[in-house]
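Got the viewer open? Let's walk through this one stop by stop, selecting as we go.

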Amino acid sequence: MYLFGDTSKEAIVEIPQGQLYLVRPLSPKGYSELIFKDAAATIRRTGQEYQYQLVIQRAYEEGEEELLAEEDGED
């Protein structure tokens, strides 16, 4: 299977579950920082050849998404 060759699929690679860290080797804040403790990652095609999107989606815990929506509505 050639990874980028099957043009019938929008998603090329999917990682359904994992943690997302921001790594900054020379940062005084520290080497790595946990951004999302539960997330999914996908590499998707765009409308232009040889251009792709890296999509990170945070997985919300039960009820968390509703709480965030309520907080946004209060502003």
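**Stop one: a salt bridge**

Start with Arg24, which is partly exposed at 26% relative accessible area (buried is under 20%, exposed over 50%, partly exposed in between, with a 1.4 Å probe and protein chains only). Before you go on: this is a predicted model, where local features need pLDDT of at least 70 and side-chain atom pairs count only at pLDDT 80 or more, while totals for chains, interfaces and linings use all residues. Residues are numbered from 1 along each chain as its sequence is written, and side-chain values use heavy atoms, with hydrogens and water left out.

Now add Glu33 to the selection. Its side chain meets that of Arg24 in a salt bridge, 2.6 Å from N to O (the cut-off: a side-chain nitrogen of Lys or Arg within 4 Å of a carboxyl oxygen of Asp or Glu). Glu33 is partly exposed too, with a relative accessible area of 35%. How many salt bridges does a search of the whole structure find? One.

**Stop two: the sheet**

Keep Glu33 selected and colour by strand (strands are DSSP runs of at least two residues, numbered from the N terminus). Glu33 sits in E2 as the bridge partner of Leu22. Further along, Val13 has Ile43 in E2 as its bridge partner. E1 and E2 pair in the antiparallel sense over nine bridges (two strands pair if DSSP finds at least two bridges between them).

Next, bring in E3. Seven bridges join E2 to E3, again antiparallel, and Ala39 stands opposite Arg58 in E3. Zoom out, and the three strands form an open sheet in the order E1-E2-E3. E1 and E3 are at the edges with a single partner strand each, so one side of each has no neighbour in the sheet.

**Stop three: two tyrosines in loops**

Select Tyr31, in the loop between E1 (11–23) and E2 (32–45). Tyr31 is exposed, at 54% relative accessible area. Add Tyr21, Val23 and Leu34: with Tyr31 they form a nonpolar surface patch of about 400 Å² accessible area together. Such patches take residues with over 30% relative accessible area and no salt bridge, joining nonpolar side chains (Val, Leu, Ile, Met, Phe, Trp, Tyr) within 5 Å and like charges within 9 Å.

Last, jump to Tyr50, in the loop between E2 and E3 (52–58). Is Tyr50 buried or exposed? Exposed, at 66% relative accessibility. Check the backbone here as well: in this hairpin, with six residues between the strands, Tyr50 takes a positive phi near 70°. Most residues other than glycine have a negative phi.

Notes:
Areas by Shrake-Rupley, 256 points an atom, 1.4 Å probe, with all protein chains shown as cover. Helix = DSSP H or I, 4+ residues; strand = E, 2+ residues; numbered from the N terminus.
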